[in-house]
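Q: Could you walk me through how to read the features of a model like this one? I would like the general idea each time, and then the case at hand.

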Amino acid sequence: QVQLVESGGGLVQAGGSLRLSCAASGMPFSWYAMGWFRQAPGKERELAAAISWRSGGNRYYSDSVKGRFTISRDNARNTVTLQMNSLKPEDTAVYYCNVVFDESWAPMNFWGKGTLVTVSS
């Protein structure tokens with residue numbers, strides 16, 4: 001049974017940084033691409049960043065986070081991390097990690113509980 005547990009969210013001032021982590025279990029982690037999604041209040045869930053399987057040589061960033069967020073993976077620890085810098089109030093959302101299909105980055109149905117990020121102005 002695949003389990004994804006997100007952590008690292010919190011309250012931060014605009015311009016600050018946060019580091020989100022996602023611990024995966026119940027799956028051969030290195031064989032799957034991973035993504036970080038976010039859902040702001042009143043908005044649909046969107047893909048913020050994704051990383052390809054194994055070495056993670058292929059990465060995707062949405063235009064809204066490009067240049068500020070960095071996704072990485074540690075296959076030895078079965079974790080995927082999202083380093084978020086220069087945070088803006090519009091980054092406020094619940095952040096979820098999920099397994100995604102390589103190249104298309106479409107999510108599979110393994111949603112965790114997410115971690116809340118609140119950026120104050």
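A: Gladly, and let us start with the vocabulary: helices (H or I, at least four residues) and strands (E, at least two) are DSSP runs, numbered from the N terminus. This is a predicted model, where local features need pLDDT of at least 70, side-chain atom pairs count only at pLDDT 80 or more, and totals for chains, interfaces and linings use all residues. Residues are numbered from 1 along each chain as its sequence is written, and side-chain values use heavy atoms, with hydrogens and water left out.

Q: Where is Trp53 placed with respect to the strands?
A: Trp53 sits in the loop between strand 5 and strand 6. Arg54 is also found in the loop between strand 5 and strand 6.

Q: What is there to notice about the backbone of Arg54?
A: Arg54 has a positive phi of about 55°, although it is not a glycine. A second case is Ser86, with a positive phi of about 50°, and it is not a glycine either. Ser86 lies in the loop between strand 8 (79-84) and strand 9.

Q: Are Trp53 and Arg54 buried, exposed or partly exposed?
A: The general idea is a set of cut-offs: buried means under 20% relative accessible area, exposed over 50%, and partly exposed in between (1.4 Å probe, protein chains only). Trp53 is partly exposed at 30%, and Arg54 is partly exposed at 46%. Ser86 also counts as partly exposed, with a relative accessible area of 41%.

Q: How are the strands arranged in the open sheet?
A: Strands of a sheet pair through backbone hydrogen bonds, either parallel or antiparallel. Here two strands count as paired if DSSP finds at least two bridges between them. The open sheet has 6 strands in the order 2-10-9-4-5-6, with mixed pairing. Strand 2 (10-13) and strand 6 are at the edges with a single partner strand each, so one side of each has no neighbour in the sheet. From one strand to the next, the twist averages 25° (axes are lines fitted to C-alpha atoms, for helices over the stretch in contact, and angles run from 0 to 180 degrees between N-to-C directions).

Q: Which strands does strand 5 pair with, and in what sense?
A: Strand 5 pairs with strand 4 (residues 33-39) in the antiparallel sense over 5 bridges. Its pairing with strand 6 (residues 59-61) is antiparallel too, over 3 bridges. To follow this residue by residue, look at Arg38, whose bridge partner in strand 5 is Glu46, and at Phe37, which is partnered with Leu47. On the strand 6 side, Ala50 has Tyr60 as its bridge partner.

Q: What links strand 4 to strand 5?
A: These two strands form a hairpin with 6 residues between them, and Gly42 in the turn has a positive phi of about 75°. Strand 5 itself (residues 46-51) is mostly covered, with 5 of its 6 residues buried.

Q: How many disulfides are there, and which cysteines take part?
A: A disulfide is a pair of cysteine sulfur atoms within 2.5 Å. The count comes to 1 disulfide, formed by Cys22 and Cys97 with their sulfur atoms 1.8 Å apart. Cys22 lies in strand 3 (residues 18-25) and Cys97 in strand 9 (residues 93-100), so the pair ties together parts that are 75 residues apart in sequence.

Q: Are these two cysteines buried or exposed?
A: Cys22 is buried at 1% relative accessibility, and Cys97 is buried at 0%.
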